[in-house]
Amino acid sequence: MARIAVLTGGSTPERTVALAGAAKVSAALRANGHDVTVFDTIEPGPLDAGLERQRLGRSVGTRPPSLAELRELEAREDLPALVAGELGSHDAVFLVLHGRQGEGGEVQELLEAAGIAFTGSDARSSRLAMDKDESKRRFRDAGIPTPEWLTWPARQSDIEELGLPLIVKPSRVGSTVGLSLMSDRFDLDSAVGKALTFDDQVILEQFLPGREYTVGVLEDAALGVGEIVPPDVIFDFHSKYTPGRAQELFPAEIDPDLEKRLRDLALAAHEALELRDFSRVDFRLDAKGSPYCLEVNTLPGMTPTSLLPQSAAVFGISFQDLCDRMIRAALARAP
């Protein structure tokens, strides 16, 4: 039995996603016999049993927290103090966090400096994967197809060359928060303004009209391929977290050649970013049916119905076993 700290919450638009995942992860770790304490990044110490049930018992909701709520949470958050406090008395930290602070290297860098083992990729690779511009450059260098893109600000001639429609999104935010599908060039200022609300770096990406797939990676092996069938063109926050709104088909009903191609590309993307332990890689097909890598998530959602656990289940890996393999990889790095 190990003493595990589950670190969750955060002050990002994906806060409710993290809390929902932490409820399932902490239960799975306890079922595996570990001594688990839950920490919310906006609190100075561990959550007592009552507050844990209250915080982690909420649903994700169909909208992210408001900007006002996020600003208030951010003012209360003191990650350096939290890491320097009680986290170090645990054998390892299971990260159930999203957004720039949670999966973009900030928490990872603090934990590394304190000599505390944690789940997932190191700080450098986490920063790289979170930055969509930098990660897409890595994909291109590694020969992994990825949609053409520009960073904002961009010349009008370059935008016209990229063509319409375009995806406009924050570079370092997940769950499609701040994302727009732009079909009219007159909508550019509005779309960029929306993205800038959540990040000071924005990318304009070629929109691919084909089907959407996702592949989990665990311990240097690609897992099952899933197909995402949203009710609208984009698999947005509302579609992701409203029960029954989108279809998530695991395993995807595709021909073996495409399945192999997606799994090979997922592992190649994971390796191109020098990630460790696990990740989830998202793809979209172009009009000819060829897959292109959109992005890699280093701390994917962690409820049993989240995409990475569903990808693992295709290979017979239960949610409880998945959590156990994640924490054992971290414990193997503990001092």
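The following dialogue explains how to read several features of a predicted protein model.

Biologist: What kind of model is this, and how are its residues numbered?

Modeller: This is a predicted model, in which local features need pLDDT of at least 70, side-chain atom pairs count only at pLDDT 80 or more, and totals for chains, interfaces and linings use all residues. Residues are numbered from 1 along each chain as its sequence is written, and side-chain values use heavy atoms, with hydrogens and water left out.

Biologist: How many helices and strands does the protein have?

Modeller: Helices (H or I, at least four residues) and strands (E, at least two) are DSSP runs, numbered from the N terminus. The protein contains 14 helices and twelve strands. Its radius of gyration is 19 Å, close to the 20 Å of the globule rule for 335 residues, so the protein is as compact as a globular protein of that length. The radius is taken over C-alpha atoms, and the rule is 2.2 Å times the number of residues to the power 0.38. The C-alpha trace spans about 55 × 45 × 35 Å along the principal axes.

Biologist: What share of the residues is buried, and what share of the contacts joins residues 24 or more positions apart?

Modeller: A residue is buried under 20% relative accessible area, exposed over 50%, and partly exposed in between (1.4 Å probe, protein chains only). Of the 335 residues, 55% count as buried. A contact means heavy atoms within 4.5 Å. Among the contacts with a separation of 6 or more, 69% are between residues 24 or more positions apart.

Biologist: How should one read a strand, and what is the case for β11?

Modeller: In a regular strand the side chains alternate between the two faces of the sheet. Strand β11 covers residues 278–285, and eight of its eight residues are buried, so this strand is largely enclosed by the rest of the structure. Phe278, Arg280, Asp282 and Arg284 lie on one side, with Ser279, Val281, Phe283 and Leu285 on the other, and all are buried.

Biologist: Which strands pair with β11?

Modeller: Two strands pair if DSSP finds at least two bridges between them. Strand β8 (residues 212–218) pairs with β11 in the antiparallel sense over seven bridges. Within this pairing, glutamate 212 has arginine 284 as its bridge partner, and valine 215 has valine 281. Strand β12 (residues 291–297) also pairs with β11 in the antiparallel sense, over six bridges, and there phenylalanine 283 is partnered by cysteine 293. β11 and β12 form a hairpin with five residues between them, and glycine 289 in the turn has a positive phi of about 90°.

Biologist: Is β8 covered or uncovered, and what is its relation to β9?

Modeller: β8 is mostly covered, with seven of its seven residues buried. On one side are Glu212, Thr214, Gly216 and Leu218, and on the other Tyr213, Val215 and Val217, all of them buried. β8 and β9 pair in the antiparallel sense over six bridges, with valine 217 opposite alanine 222 in β9. Their hairpin has two residues between the strands, and glutamate 219 there takes a positive phi near 50°.

Biologist: Where else is phi positive in a residue other than glycine?

Modeller: Aspartate 220 has a positive phi of about 65°, and its place is the loop between β8 and β9 (221–229). Aspartate 220 is exposed, at 52% relative accessible area. Aspartate 277 has a phi near 70° and is found in the loop between α12 and β11. By contrast, aspartate 277 counts as buried, at 11% relative accessibility.

Biologist: How should one read a helix, and which residues of α7 are buried?

Modeller: An α-helix has 3.6 residues a turn, so residues three or four places apart point the same way. Helix α7 (residues 123–130) is mostly covered, with six of its eight residues buried. These are Ala123, Ser125, Ser126, Leu128, Ala129 and Met130. The buried residues of α7 pack against α5 (99–103), α6 (106–114), α8 (132–141) and β12.

Biologist: Where are cis peptide bonds found?

Modeller: One cis bond joins leucine 164 and proline 165, with omega about 0°. Proline 165 lies in the loop between α9 (156–162) and β5 (166–170). The peptide bond from phenylalanine 250 to proline 251 is also cis, with omega near -5°. Proline 251 is placed in the loop between β10 (247–249) and α12 (256–272).
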